[in-house]
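This report describes the strand pairing, the salt bridges and selected residue environments of one protein chain. The sequence and the structure are shown first, and the description follows.

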Amino acid sequence: MADQGREEALWTRARLGHCGPALDLLTARFDQHVYAPHAHDEYTVGVCVGGSEVIAYRGGRVHAGPGSIVVLAPGEIHTGGPATTTDGYAYRALYAAPDLLADGVLGSGGLPHFREALIDDPELATALRRAHSQTAACPDPLEAESRLPWLLTALARRHSTARATSDAVPGADAIARQVRDRLADELTDPPSLSALATELDLSRYQLLRAFRTSMGVPPYAWLAQHRVARARALLESGLRPAEVAGLVGFADQAHLTRWFRRVLGVTPAAYRNSVQDAR
């Protein structure tokens with residue numbers, strides 16, 4: 001039988017905050033697949049991670065290789081397929097509602113416009129690829145809302161024709177403390193950043209800017225570290241990692257383990273065993 005090549009596509013749906021809007025993520029690896037002409041209601045933001053792809057778009061052809069960012073505007077007809085007969089192509093893509101790119105930029109009601117579909121920005125490409133992979137693996141709503149809109153705003157500010165809004169957020173320290181306290185109080189079911197921003201009469205970008213400036217990390221990372229501290233105390237009391245994960249708001253034991261190792265360098269089980277042995 002002839003080799004049909006690798007034709008793989010995995011869709012993941014993330015939520016931007018508790019009960020927030022959906023954002024679809026695609027992880028794809030194709031050797032031969034060619035898309036029929038089509039369009040999306042959202043911005044398509046993709047990062048090529050292997051091989052090379054050619055995209056018919058706006059009457060021309062876009063050639064994307066590893067590390068390239070491709071941005072396709074809502075409603076624009078396009079196709080996509082392998083650029084060669086041997087390499088295939090692999091990419092990560094997200095499908096972002098237009099307002100996600102409009103936050104943090106100035107405009108007259110129109111959408112951010114990208115003159116070129118192909119963007120060379122290695123730092124942003126790496127950040128988008130990492131956020132895509134980690135969100136697809138564990139689509140935690142607060143993490144998705146903390147990371148993806150921030151990167152999409154950066155994309156619009158750096159590479160569209162829209163002008164950036166001011167980064168100054170009056171009272172940033174007080175705002176960050178309010179958000180921190182709400183997250184700590186509701187760690188098992190944290191409110192969305194969008195809802196918190198509305199309560200504080202801010203945009204989500206302004207809230208994220210204030211929090212990151214004052215705390216040094218985005219909201220999801222702060223909350224994850226707070227959850228690890230709470231988990232540590234529960235593990236010391238004798239509870240098992242599987243029990244602890246839900247009590248402190250992690251999605252499951254794997255989610256707890258990922259963050260516990262990041263913060264403390266060991267797994268929850270190893271930590272529990274070590275403190276139990278020391279008694």
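## Salt bridges, sheets and local environments

Arg 158 is partly exposed, because its relative accessibility is 43%. The structure is a predicted model. The side chain of Arg 158 forms a salt bridge with that of Asp 121, at 2.9 Å from N to O. This pair links distant parts of the chain, since Arg 158 belongs to helix α3 (residues 141–159) and Asp 121 to the loop between β10 and α2, 37 residues apart. Asp 121 has a relative accessibility of 9% and therefore counts as buried, the cut-off for that class being under 20%.

A search of the whole structure gives 16 salt bridges. Side chains of opposite charge can pair when their charged atoms come close. Three of these pairs are described here, among them the one between Glu 76 and Arg 58, whose side chains meet at 3.2 Å, N to O. Glu 76 is located in the loop between β6 and β7, and Arg 58 in the loop between β4 and β5, so this salt bridge ties together parts that are 18 residues apart in sequence. Glu 76 is partly exposed at 26% relative accessibility, and Arg 58 is likewise partly exposed, with a relative accessible area of 37%.

The pair of Arg 232 and Glu 236 lies within one helix: both residues belong to α7 (residues 219–236) and are 4 residues apart, about one turn of the helix. Their closest N and O atoms are 3.7 Å apart. Arg 232 counts as partly exposed at 36% relative accessibility, as does Glu 236 at 32%. In addition, Arg 6, Arg 29 and Asp 31 are joined into one network by salt bridges that share partners.

The distances of the three pairs are collected below.

| Salt bridge | N to O distance |
|---|---|
| Arg 158 and Asp 121 | 2.9 Å |
| Glu 76 and Arg 58 | 3.2 Å |
| Arg 232 and Glu 236 | 3.7 Å |

The description now turns to the sheets. Strands of a sheet pair through backbone hydrogen bonds, either parallel or antiparallel. An open sheet of 6 strands has the order β1-β2-β8-β3-β6-β10, with antiparallel pairing. Its edge strands are β1 (7–15) and β10 (118–119), each of which pairs on one side only. Strand β6 (residues 69–72) runs antiparallel to β10 and is joined to β10 by 2 bridges; Val 70 has Leu 118 in β10 as its bridge partner. Helix α2 (residues 122–137) lies across β1, β2 (22–30), β3 (43–51), β6 and β8 (89–96), and runs at about 105 degrees to β2.

An open sheet of 3 strands follows the order β5-β4-β7, and its pairing is antiparallel. Here the edge strands are β5 (60–64) and β7 (81–82), each pairing on one side only. Strand β4 (residues 53–57) pairs with β5 in the antiparallel sense over 5 bridges. Within this pairing, Ala 56 stands opposite Arg 61, and Glu 53 has Ala 64 as its bridge partner. The two strands β4 and β5 form a hairpin with 2 residues between them, and Arg 58 in the turn has a positive phi of about 50 degrees. Arg 58 is also the residue that meets Glu 76 in a salt bridge.

Which residues does Val 71 contact, leaving aside its neighbours within four places in sequence? They are Tyr 43, Thr 44, Tyr 57, Phe 114, Ala 117, Ile 119 and Leu 155. Val 71 is found in strand β6 and counts as buried, because its relative accessibility is 2%. The C-alpha atoms of Val 71 and Gly 46 are separated by 6.5 Å, although the two residues are 25 residues apart along the chain.

A nonpolar patch on the surface is formed by Val 263, Leu 264 and Val 266, which together have about 190 Å² of accessible area. Val 266 is located in the loop between α9 (253–264) and α10 (268–277). With a relative accessible area of 32%, Val 266 is partly exposed; residues of a patch are required to have over 30% relative accessible area, so the value of 32% for Val 266 satisfies that cut-off.

Conventions
Residues are numbered from 1 along each chain as its sequence is written. This is a predicted model: local features need pLDDT of at least 70, side-chain atom pairs count only at pLDDT 80 or more; totals for chains, interfaces and linings use all residues. Side-chain values use heavy atoms; hydrogens and water are left out. Two strands pair if DSSP finds at least two bridges between them. Patches are made of residues with over 30% relative accessible area and no salt bridge: like charges are joined within 9 Å, nonpolar side chains (Val, Leu, Ile, Met, Phe, Trp, Tyr) within 5 Å. Accessible areas come from the Shrake-Rupley method with a 1.4 Å probe; for residues, only the protein chains shown count as cover. A salt bridge is a side-chain nitrogen of Lys or Arg within 4 Å of a carboxyl oxygen of Asp or Glu. Buried means under 20% relative accessible area, exposed over 50%, partly exposed in between (1.4 Å probe, protein chains only). Contact means heavy atoms within 4.5 Å. Axes are lines fitted to C-alpha atoms, for helices over the stretch in contact, and angles run from 0 to 180 degrees between N-to-C directions.
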